[in-house]
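Q: Please take a close look at one helix of this structure and its surroundings. Then set that part beside the other helices, strands and cysteines, in plain terms.

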Amino acid sequence: MRGLILKKLILLKSIIIIIIVILQSQMIEMTKINFRNYRIIIQNYFLRVSRWIRALFFSLLSIFLLFIALNFLFPLPNTNDYSQIVKSAEGDILYATLNSTDKWRFKTNLNEVTPTLKKTILHKEDKYFYYHFGINPVSVGKAIFRNLFNNDKRTGASTISMQVARMLQPKKRTYFNKIIEVFRAFQLEFAYSKDEILQLYINLVPYGGNIEGVKTAAYFYFHQKPEALSLAQITLLSIIPNFPNIIYSKDETELYIKRNNWLKRFAKKRLFEERIIQDALSEIIQIERRSRPMMAPHVSIRACRENRQSTEIETSIQIEIQQKVAQITKNYIQPLRYSNISNASVLIIDNKTNKIAAYIGSADFSDSSSQGQVDGIKAIRSPGSTLKPLLYAQAIDQGLITPKTKVVDVPINYGGYYPGNYDDKCRGLVTTEQALAQSLNIPAVWLLNEVGNNAFIKLLIKANFKQIAKDQKKLGLSTILGGCGVNLEELTNLFSAFANKGIFEKASLYPNKKNRSVPIVSEAAAYLISEILTKAERPDFPSNWSHNTNAPKIAWKTGTSYGRRDAWSIGYNVNYTVGVWVGNFDGTGTPELTGANIATPLLFQIFNTIDQHSDKTWFAPPKTIDYREVCSESGHIPDEFCTDLSIDSYIPGISPNQRCQHMKEVFIDIKETKSYCRTCKPDKNIIRKLYRNLPMDVISFYEEQNIPYQKIPPHNESCTRIFSQNAPVITSLGDGLEYILISGENQQIMLKANTENSVKKLWWYLDDKLIATTQANEKFFFKPPAGNLKISCTDDKGRNTDIWISIKYI
């Protein structure tokens, strides 16, 4: 039994093995067949896939090329159409312009977008902004479904990119225009980064009326910068684009309800801390549209013209100084209108930075009756006497003068040009500092003649006087008295060089711009001029100001143009240089208009306002200056006969160092009735005596004005040498000049000559024919014939002078 079972088991095992072998063989055969089939299937699959991939690739490529072509044919609208805003040194908006579409659109920079502002906008408008490619497919699907099956309420799916596209090119809401929006959104995504698109949205979103952009709304509604907005203000602003008329509603309840609803949504989403939300909910906001910024219109208009491509222009204008000085100027001009004086301009330079701190082009920009929109700072005017300090500084550097040097102040003829002083008086001999402090014209013209007119003109051109550079070939000695064209900006920059150690650098209006600096006078000359211009005892000190109590410590110079059309006063101290012009823009003159009594009081008011402690610091004398005793009669190094001495400042190696010659030794007889020279003096009965050694022009002036002076006795008549010298000098006419007279006007010309003091009579000849006998220094008038004439003058010593002139009648 056990064996049978064993046999059956062995048989069963054998059968199983045979079956397994057969199955294995079949499996191997089938595997070979299936492998061949699978291979074919896989090959077909990959073939189909590659076809799909190629089709998809070429489709995408075609779409991309089509997009590129459409992008080229239909480019994005201008995304840089912003208002120009002008900012002060502190970052406040001074002025703004409308953009090309008459919208107020201030550009918000990325660094002005706060995290709170960004988070609020994204949560409200487009949560998935940073994850889609211009459109949100999920939102589009939801919108289609809701719009198809919900007739009561329409739902949009516009992303921030699509909204920017719509704001760049507003169109009616149609399906076709929606397709255009999608295309424009793709263009934006292709051309800009996500942050840049968000920036465009922040700059374009409308806030009622013609206000666009967060920065614009922050200014007009809250008078704040975007980075200073609170969460409550940001949330309120985010409502306005959806309800633009709500801003004009008198009832603010609806505005607060909508704001608070959104704040509660933010709280539910935990977008901000609960404390911040509660503060925003309780914040009461005063919202009111403000007027356009107009705090510095003249300088802002200028800045906009000079920076046409800039949307945000930073300037050096210090807003507090600008506002204070503008108000002072406006108030100052009001009472002057009764004297027919309607306008003023002020320019202030910060000497520490060499930047323009304040710029007031007129007394009142809005006053059209007095042409208030004219920028008086750029207007070309006659400078009066304001250029004199530069001339005196140049003469100091040339070694011609020091502060105590005596110069002549008597009538002098310069080829037919007769300068006169403001008071029509002459003083004989005056010191340089007196001549400048008293603004005497005759010494200034004399000094310009000594320095050289061309040399002075070149120095003015070096100091950036543009109109003078244009007219340089026409300018003569009258330049120093206002016979040229300048503007207030040029003059103020010139005086700032004296405050800057003689180095000229045109003051910049922009913080990051620095102009080229050039030395125009030495530091020593600048200091000496500053000391002279600081003196308060002078005729151009305002008559209505106290010398001791309320006058600021400044160096200043006034000027009044011919016909009293322009009143100037330019002053400076260590901190500021201030230029003031007062007058009428139409050029009308008025008797009251002078630099001393009209422009200078305004200058003093401004300094007392912007720099109350100006007397605590002053310019230190440079090391190149030294001090010495000089003769008070001449300003030169004393000789043994000099008894009246004074201390003078000078520049070693440059300043004049000649010995004083204000006295000269003369041989006279014992009775002091006759003088001799070494050639004719007798051997006995003579003495030596010192007499004033006066220039012939001064002697002639003293004689004409009957001013007593120490006269040298008449010279020995029998002297053969002395009378061959010192012939009369014809001063009324210029040798070789042409004089034009008007026919029928009975015009005459004057004959006058300077002589030494011993001459009593003169004989005048016209073409060698006697026409008059006059006393020495007497003026004689006659009507000359036309043509070339010879004028001769002979004194009672037989000395003769001839000149030739030409007379033409028109």
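The answer below starts with helix α13 and then moves on to the strands, a helix pair and the cysteines.

A: The model is a predicted one. Helix α13 covers residues 388-397, and nine of its 10 residues are buried, so the rest of the structure largely encloses this helix. Here a residue is called buried when its relative accessible area is under 20%. The buried residues of α13 are K388, P389, L390, L391, Y392, A393, Q394, A395 and I396. Their packing partners are the helices α14 (432-437), α15 (441-451), α16 (453-462), α18 (488-499) and α19 (523-533), together with strand β12. After α13 comes G399, which has a positive phi near 80°.

Strand β12, one of the partners of α13, leads to the next part. This strand spans residues 555-560 and is mostly covered, with five of its six residues buried. Six bridges pair β12 with strand β13 (residues 566-572), and the sense is antiparallel. Within this pair, W556 stands opposite G571 of β13. The two strands make a hairpin with five residues between them. In the turn, G563 has a positive phi of about 80°.

Two open sheets can be described in the same way. One has three strands in the order β2-β1-β5, with mixed pairing. Its edges are β2 (93-96) and β5 (312-314); each has a single partner strand, so one side of each is left without a neighbour in the sheet. From one strand to the next, the twist averages 20°. Strand β1 (residues 85-87) pairs with β2 over three bridges in the antiparallel sense. One residue of this pairing is V86, whose bridge partner in β2 is Y95. Helix α11 (residues 297-306) lies across β1, β2 and β5 and runs at about 65° to β2.

The other open sheet also has three strands, in the order β18-β17-β19, and its pairing is antiparallel. Here the edge strands are β18 (675-676) and β19 (686-692), each of which pairs on one side only. Strand β17 (residues 663-669) is joined to β19 by seven bridges, with the two strands running antiparallel. Among the paired residues is I668, which has I687 of β19 as its bridge partner.

Next comes a helix pair. Two packed helices are described by the angle between their axes and by the distance between those axes. For helix α8 (residues 231-239) and helix α9 (residues 253-268), the angle is about 110° and the axes are 9 Å apart. Angles from 65 to 115 degrees count as roughly perpendicular, and α8 and α9 are therefore roughly perpendicular to each other. The crossing of α8 past α9 is right-handed. On the α8 side, the contact involves L231, A232, T235, L236 and I239. These meet L255, K258, R259, W262, L263 and F266 of α9.

Last are the cysteines. A search of the whole structure finds zero disulfides. C631 is accordingly in no disulfide, and the nearest cysteine sulfur is that of C642, 3.5 Å away. A disulfide would need the two sulfur atoms within 2.5 Å. C631 is buried, at a relative accessible area of 1%. C304 also counts as buried, with 7% relative accessibility.

Technical notes:
Residues are numbered from 1 along each chain as its sequence is written. This is a predicted model: local features need pLDDT of at least 70, side-chain atom pairs count only at pLDDT 80 or more; totals for chains, interfaces and linings use all residues. Side-chain values use heavy atoms; hydrogens and water are left out. Two strands pair if DSSP finds at least two bridges between them. Helices (H or I, at least four residues) and strands (E, at least two) are DSSP runs, numbered from the N terminus. Axes are lines fitted to C-alpha atoms, for helices over the stretch in contact, and angles run from 0 to 180 degrees between N-to-C directions. Contact means heavy atoms within 4.5 Å. Buried means under 20% relative accessible area, exposed over 50%, partly exposed in between (1.4 Å probe, protein chains only). Angles under 35 degrees count as roughly parallel, over 145 as roughly antiparallel, 65 to 115 as roughly perpendicular and the rest as oblique. A crossing is left-handed if the near helix is turned anticlockwise from the far one by less than a right angle, and right-handed if clockwise.
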